[in-house]
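Me: I should like to learn how to read the features of a protein model in a systematic manner. May we proceed from the overall fold to individual side chains?

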Amino acid sequence: MKNEYILRTLVLFFCFSFYSFCDDHHSHADHQHGEGSILAASEGAKGSLFDLPVSWKMESGQTFLLNQIQGSPFVISMFYASCQSVCPRLVADMEELAKKIKEKTGKDPRMVLVSFDSEKDNPNILNEYKKKMKLGENWSLLSGKEEDVRMLSVVLGINYKKISNGEFNHSAVYSLVSKEGWVVSRVEGVGSNTDSLINMYQKL
């Protein structure tokens, strides 16, 4: 079952990579990172995130595997540190979500951000971003290899592409992941209602 999931993910990964490659070479009309850069999300692949054979680098420089947080629900999204429009608003929404979850449960939820920008977003950059945004210890900021970032994006249903100015067009999505690593709820778009996700979190 595990091998079947990994195989399916890899197939989706290569298909999506091919689509992105073709799309990037046929459409360069949008060179501005702003409202128009929010791409629609896709349906994520089925399976546990803990089965992905991927290791990440934390903002602290330590190696991190998602299955290290197995047994606890967490919220995950993707971003990049130099983003000046969508990402800060997405992170602000996630901060507000974390506050609401704490009000309901009395505990800070685990929050995870994974960078699209494998070239620039090293642990030092992510550490500075974490300080700048005043994110707490319950937040983990991760970077990884381009192929691993692409694989995770397919599993989460987050579409992204790098554009000619070095920035990224991408979906604005954050997902609630169960103790077993399954995506059980997600919110698409900035400023969206989070009641359903919070209710689901309380049931986990």
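Me: What percentage of the residues in the protein do buried residues make up?

Reply: The model is a predicted one. Of the 204 residues in the protein, 50% are buried. The accessible surface comes to about 10,200 Å², and carbon and sulfur atoms contribute 51% of that area.

Me: How many helices and strands are there in the protein?

Reply: The protein has 5 helices and 9 strands. Along the sequence, they follow the pattern α-β-β-β-α-β-α-β-α-β-β-β-β-α. Contacts add a further view: among those between residues at least 6 apart in sequence, 74% join residues at least 24 apart.

Me: How should I read a single helix, and which residues of H2 are buried?

Reply: One may begin with the span. Helix H2, residues 86-105, has 20 residues and reaches 28 Å from its first C-alpha to its last, close to the 28 Å expected at 1.5 Å a residue. Its buried residues are Val-86, Cys-87, Leu-90, Val-91, Asp-93, Met-94, Leu-97, Ala-98 and Ile-101. Because these residues cover an arc of only 155 degrees around the axis, they lie on the same side of H2. On the other side of H2, Lys-99 and Glu-103 are exposed. Just after H2, Gly-106 takes a positive phi of about 85 degrees.

Me: How many aromatic pairs does the structure hold, and how is such a pair described?

Reply: Two quantities describe a pair of aromatic rings: the distance of the centres and the angle of the planes. The structure holds 6 aromatic pairs. One of them joins Phe-116 and Tyr-160, a tilted pair at 4.6 Å centre to centre with 35 degrees between the planes. This pair links distant parts of the chain, 44 residues apart: Phe-116 is in the loop between strand S4 (110-115) and helix H3 (123-132), while Tyr-160 is in strand S6.

Me: Are Phe-116 and Tyr-160 to be classed as buried or exposed, and why?

Reply: Buried means under 20% relative accessible area. Phe-116 counts as buried because its relative accessibility is 3%, and Tyr-160 counts as buried at 4%.

Me: Why is the pair of Phe-116 and Phe-168 stacked?

Reply: The cut-off for stacked is planes under 30 degrees apart. The planes of Phe-116 and Phe-168 stand at 25 degrees, with ring centres 6.1 Å apart, so the pair is stacked. Phe-168 lies in strand S7, so the pair ties together parts that are 52 residues apart in sequence. Phe-168 also counts as buried, at 4% relative accessibility.

Me: Which residues form one aromatic cluster?

Reply: Tyr-80, Phe-116, Tyr-160 and Phe-168 form the cluster. In addition, Arg-150 lies over the face of Tyr-160, at 3.8 Å from the ring centre.

Conventions:
Residues numbered from 1 in each chain as written. Predicted model: local features only at pLDDT ≥ 70, side-chain atom pairs only at ≥ 80, totals over all residues. Heavy atoms only, no water. Helix = DSSP H or I, 4+ residues; strand = E, 2+ residues; numbered from the N terminus. Buried < 20%, exposed > 50% of the residue type's maximum accessible area, 1.4 Å probe, protein only. Contact = heavy atoms within 4.5 Å. Areas by Shrake-Rupley, 256 points an atom, 1.4 Å probe, with all protein chains shown as cover. Expected span 1.5 Å × (residues − 1). Arc of directions from axis to C-beta. Phe/Tyr/Trp six-rings, centres within 6.5 Å; stacked < 30°, edge-to-face > 60°. Lys NZ or Arg CZ within 6 Å of the ring centre and 35° of its normal.
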